Number of protein chains: 2
Amino acid sequence: MLPLSKLCVHTITTKPWPIEVAMDKYAAAGIGGITVWRQALEGKNIETVRAGLASRNLEVVSLCRGGFFPAADVKGLQAAIDDNLRAIDEAAALGAPMIVLVCGAVPGQPLEKSRDQIVDGIQAVLPHAEACGVKLAIEPLHPMYADDRSAISTMAQANAACERIGSPSVGIAVDVYHVWWDDALPDQIRLAAQHNRLFAFHVCDWMTPTTDLLNDRGLMGEGCIDIPGIRKAMEEAGFDGFNEVEIFSNRWWSQDQDAFLSRIVSAYQEHC
Amino acid sequence: MLPLSKLCVHTITTKPWPIEVAMDKYAAAGIGGITVWRQALEGKNIETVRAGLASRNLEVVSLCRGGFFPAADVKGLQAAIDDNLRAIDEAAALGAPMIVLVCGAVPGQPLEKSRDQIVDGIQAVLPHAEACGVKLAIEPLHPMYADDRSAISTMAQANAACERIGSPSVGIAVDVYHVWWDDALPDQIRLAAQHNRLFAFHVCDWMTPTTDLLNDRGLMGEGCIDIPGIRKAMEEAGFDGFNEVEIFSNRWWSQDQDAFLSRIVSAYQEHC
């Protein structure tokens with residue numbers, strides 16, 4: 001059975017809870033890690049949050065999220081860089097060792113151009129990230145988000161971007177929701193591992209039918225993804241980090257969050 | 001400007017119209033081709049429909065759709081074969097030279113196994129298709145349909161399936177909606193062309209945001225797909241068939257279909 005010490009929950013998963021409640025509940029459930037979404041920090045004193053997480057022995061796995069580098073004009077490109085520099089400051093203040101990047105795309109702009117802008121943007125913020133000891137994890141997003149969320153849709157494209165950047169501080173966040181369908185996944189996981197790029201592993205499930213492109217993710221075991229198979233591929237390649245539960249679901253958010261957290265813990269043990 | 005003689009409309013695009021109305025309207029608009037969905041034939045005499053299309057000089061481009069070969073048990077596999085044999089009979093009766101295949105998938109079943117079942121299913125019906133002079137076009141579907149609609153998600157997988165089958169009667173239907181995001185698309189179009197597998201070309205557009213996974217396709221020009229660029233790649237590879245407008249859209253279906261057809265004709269000329 002998977003140890004709870006390797007379970008991490010994203011604050012967005014239990015969105016109805018403010019972070020003070022989330023940290024209490026996660027710790028009481030024996031969960032080992034937390035990934036903090038930036039909106040959970042809005043209006044909060046980051047040092048206080050950091051102390052609260054530390055006192056509950058919750059390991060901060062990452063800050064979600066930076067990215068969205070592509071833009072139609074210079075002003076937009078600079079605004080993205082500025083926002084990512086702020087995210088790096090927030091990660092450093094929180095003690096998060098890593099930021100997850102949803103890399104961005106501009107509808108109608110050629111995807112190659114957006115990928116160039118993503119590489120340029122990451123390179124622009126990289127010195128600050130390195131100075132702060134914060135790693136950057138490119139998350140390939142499902143091709144259904146290629147219009148406006150990520151021009152990086154596959155592990156192969158994420159590996160290619162990392163190769164162009166060539167920094168040990170830039171790697172990949174593998175989320176089963178985005179990559180489960182890809183027949184190149186096992187090879188690309190191995191390639192990423194060879195270059196020490198396997199930075200994070202996110203789990204949830206794909207519902208049939210899926211009624212909303214963004215907020216209809218399933219709890220592990222509710223859908224069709226072979227999560228244990230992908231986790232095995234990750235671990236055989238050398239990954240030994242957290243299994244991070246990241247579920248966007250209007251359905252689950254509308255239910256009792258205590259009961260949901262119990263379901264997360266049991267689903268993690270039975271279906272990851 | 002693209003000639004209307006190369007424009008084909010799928011009956012599903014103007015779903016509110018019975019086929020008798022659709023054929024009148026398409027012909028009056030000067031449209032050269034029609035792809036007939038099987039549900040448009042339900043309760044109709046196929047010979048009468050065929051005669052009606054011929055008298056209006058509407059070329060039947062294909063019958064939509066066969067496929068859905070994968071199944072969890074032998075009974076399901078056989079039922080799929082039987083249904084595809086019926087579809088071949090219907091295509092022959094209608095004078096359709098081709099059937100478009102939405103290949104199918106079973107949620108939770110390994111995609112490789114479903115792809116094997118797809119190849120087996122096509123091989124099972126291929127002798128009857130060849131005897132009837134009906135070609136079979138594998139349509140790679142967007143990865144967001146990999147759970148239950150198609151284990152063939154990319155042009156590379158479609159080419160691989162064609163390679164395994166090895167028949168000049170089995171090729172590929174390229175729909176921009178499904179493949180526009182794929183950086184391997186140009187190479188895979190060329191590969192398909194080298195083996196004479198470019199059987200069909202479907203157009204529509206990808207909306208931002210997309211509010212429904214199935215029925216929120218856009219009219220050409222409404223979304224982010226570089227349709228002229230993909231058409232150019234098809235034609236440079238040697239494709240000279242119809243440009244088929246296949247739009248599933250609750251929004252457009254709810255509007256006046258005469259006005260919609262006018263918009264289709266102008267969008268075809270401006271954005272394809």
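In this tour two strands are said to pair if DSSP finds at least two bridges between them, and helices (H or I, at least four residues) and strands (E, at least two) are DSSP runs, numbered from the N terminus. What you have open is a predicted model, in which local features need pLDDT of at least 70, side-chain atom pairs count only at pLDDT 80 or more, and totals for chains, interfaces and linings use all residues. Residues are numbered from 1 along each chain as its sequence is written, while chains are lettered from A and ligands numbered from 1 in the order in which they are written.

**First stop: the barrel of chain A**

Select the strands of chain A, where a closed barrel of 8 strands, paired in parallel, runs in the order β1-β2-β3-β4-β5-β6-β7-β8. Neighbouring strands of this sheet are turned against each other by 30 degrees on average, direction ignored; axes here are lines fitted to C-alpha atoms, for helices over the stretch in contact, and angles run from 0 to 180 degrees between N-to-C directions. Strands of a sheet pair through backbone hydrogen bonds, either parallel or antiparallel.

Now narrow the selection to residues 98-102 and 135-138 of chain A, which are the parallel strands β4 and β5, joined by 4 bridges. Within that pair, A:Leu101 has A:Ile138 of β5(A) as its bridge partner. Add residues 74-94 of chain A to bring in helix α3, which lies across β2 (33-37), β3 (59-67) and β4 and runs at about 175 degrees to β3(A).

**Second stop: chain A as a whole**

Colouring chain A by secondary structure should bring out its 10 helices and 8 strands. The C-alpha trace of chain A spans about 45 × 40 × 35 Å along its principal axes. Its radius of gyration is 17 Å, which agrees with the value near 19 Å for a compact globule of 272 residues; the radius is taken over C-alpha atoms, and the globule rule is 2.2 Å times the number of residues to the power 0.38.

Of the 272 residues in chain A, 49% are buried, a residue being buried if 20 or more other C-beta atoms lie within 10 Å of its own, exposed if 12 or fewer, and partly exposed in between, with C-beta atoms placed from the backbone. Among contacts between residues at least 6 apart in sequence, 80% join residues at least 24 apart, where two residues are in contact if their C-beta atoms, placed from the backbone, lie within 7 Å.

**Third stop: A:Leu185**

Centre the view on A:Leu185, which lies in helix α7 (residues 185-194) of chain A. A:Leu185 counts as partly exposed because it has 19 C-beta neighbours inside 10 Å. Leaving aside residues up to four places away in sequence, A:Leu185 touches A:Met155 and A:Val179. A distance drawn from A:Leu185 to A:Val174, C-alpha to C-alpha, gives 9.8 Å for two residues that are 11 apart in sequence.

**Fourth stop: two helices of chain B**

Move to helix α1 (residues 19-28) of chain B, whose buried residues are B:Ile19, B:Ala22, B:Met23 and B:Tyr26. They cover an arc of only 95 degrees around the axis, which puts them on the same side of α1(B); the arc is that of the directions from the helix axis to the C-beta atoms. These buried residues of α1(B) pack against β1 (7-10), β2 (33-37) and α2 (46-55) of chain B. Just after α1(B), select B:Gly30, which takes a positive phi of about 85 degrees.

Next select helix α7 (residues 185-194) of chain B, in which B:Gln188, B:Ile189 and B:Ala192 are the buried residues. Seen down the axis of α7(B), they fall within an arc of 105 degrees, so they line one face of the helix. Their cover includes α5 (155-165), β6 (170-175), β7 (198-203) and α8 (227-236) of chain B. After α7(B) comes B:Asn196, with a positive phi near 55 degrees.

**Fifth stop: strand β3 of chain B**

Here, 8 of the 9 residues of β3(B) are buried. On one side, β2(B) and β3(B) pair in the parallel sense over 5 bridges, with B:Leu63 in β3(B) as the bridge partner of B:Val36. Strand β3 (residues 59-67) is also joined by 4 bridges to the parallel strand β4 (residues 98-102) of chain B, where B:Ile99 is the bridge partner of B:Leu63.

**Last stop: both chains together**

Finally, show both chains: a rotation of 180 degrees with 0.0 Å of shift along its axis superposes chain B on chain A with an RMSD of 0.0 Å, the fit being by least squares on the C-alpha atoms of residues with pLDDT of at least 70 in both copies. The two copies are thus related as by a two-fold rotation axis. The same surface serves both copies, since 100% of the contact residues of chain B recur in chain A.
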